[in-house]
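Trainee: I would like to take a close look at a single part of this model, and to follow how it is connected to what surrounds it. Could you take me through it in one connected account?

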Amino acid sequence: MTDSGAGPALAVLTRRADFLAANRGLRVARPGFVLLARPNGGGQMRFGITVTKKIGNAVVRNRMKRRFRALLRELLPTAGLAGTDHVLIGREGGIERDFSLLRDELRAALSRAAAGKGDPPRKAAGRGPKPR
């Protein structure tokens with residue numbers, strides 16, 4: 001599936017393996033979302049959206065995904081990284097945030113990712129050997 005707007009075509013990530021691969025890439029956290037960016041080697045700009053059940057019920061999650069989709073389709077053609085997978089992970093405060101504020105935060109996160117300035121990797125929660 002591609003976007004029919006002007007600029008480079010945007011493909012949508014659908015395979016779980018692509019989301020897991022993006023998770024090993026650059027991470028830029030913002031109050032409303034976390035941006036993951038990882039070169040995909042295919043030359044095409046792709047995006048994906050993840051919103052977990054911790055955020056809210058289906059209505060809330062779908063509303064957040066619609067807002068993220070609109071943001072990505074607006075900003076990725078001009079500010080996105082070519083040949084890169086971009087994944088937005090919704091955070092709890094993201095649904096109440098003003099749309100223009102989310103736009104500014106995504107623009108800033110994309111510029112940080114383009115400069116290679118990611119946040120430190122998060123600690124793996126609940127992974128590893130169990131304490132005795």
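How many bridges join β2 to β3, and in which sense do the two strands run?

Mentor: The strands β2 and β3 run antiparallel and are joined by 4 bridges, with Arg 27 standing opposite Leu 36 of β3. Please keep in mind throughout that this is a predicted model. Helix α3, which spans residues 99–114, packs on the sheet and touches β2, β3 and β5, its direction making about 35 degrees with that of β3.

The sheet to which these strands belong is open and has 5 strands in the order β1-β4-β5-β3-β2, with mixed pairing. Its edge strands are β1, residues 10–12, and β2, residues 26–29, each of which pairs on one side only. Averaged over the sheet, and with direction ignored, neighbouring strands are turned by 25 degrees against each other.

From β3, residues 33–39, the pairing continues to β5, since 7 bridges join these two strands, which again run antiparallel. Leu 36, the residue that faces Arg 27 across the β2 pairing, stands opposite Val 87 of β5. Strand β5 covers residues 84–90, and 6 of its 7 residues are buried, so the strand is largely enclosed by the rest of the structure. As a general point, side chains in a regular strand alternate between the two faces of the sheet.

With β4, residues 45–50, strand β5 pairs in the parallel sense, over 5 bridges, and within this pairing Thr 50 has Ile 89 of β5 as its bridge partner. The mixed character of the sheet can thus be followed at β5 itself, which is antiparallel to β3 and parallel to β4. Together with helix α2, residues 58–79, the strands β4 and β5 make a β-α-β unit, and this unit is left-handed.

Helix α2 also brings us back to β3. A search of the whole structure finds 1 aromatic pair, formed by Phe 33 and Phe 68, whose ring centres are 6.2 Å apart and whose planes stand at 80 degrees, so the pair is edge-to-face. Because Phe 33 lies in strand β3 and Phe 68 in helix α2, the pair ties together parts that are 35 residues apart in sequence. Phe 33 counts as buried, at 1% relative accessibility, and Phe 68 likewise counts as buried at 1%.

Definitions and conventions. Residues numbered from 1 in each chain as written. Predicted model: local features only at pLDDT ≥ 70, side-chain atom pairs only at ≥ 80, totals over all residues. Heavy atoms only, no water. Buried < 20%, exposed > 50% of the residue type's maximum accessible area, 1.4 Å probe, protein only. Pairing = 2+ DSSP bridges. Right-handed = clockwise from strand over helix to strand, strands pointing away. Phe/Tyr/Trp six-rings, centres within 6.5 Å; stacked < 30°, edge-to-face > 60°. Axes fitted to C-alpha atoms, helices over the stretch in contact; angles between N-to-C directions. Contact = heavy atoms within 4.5 Å.
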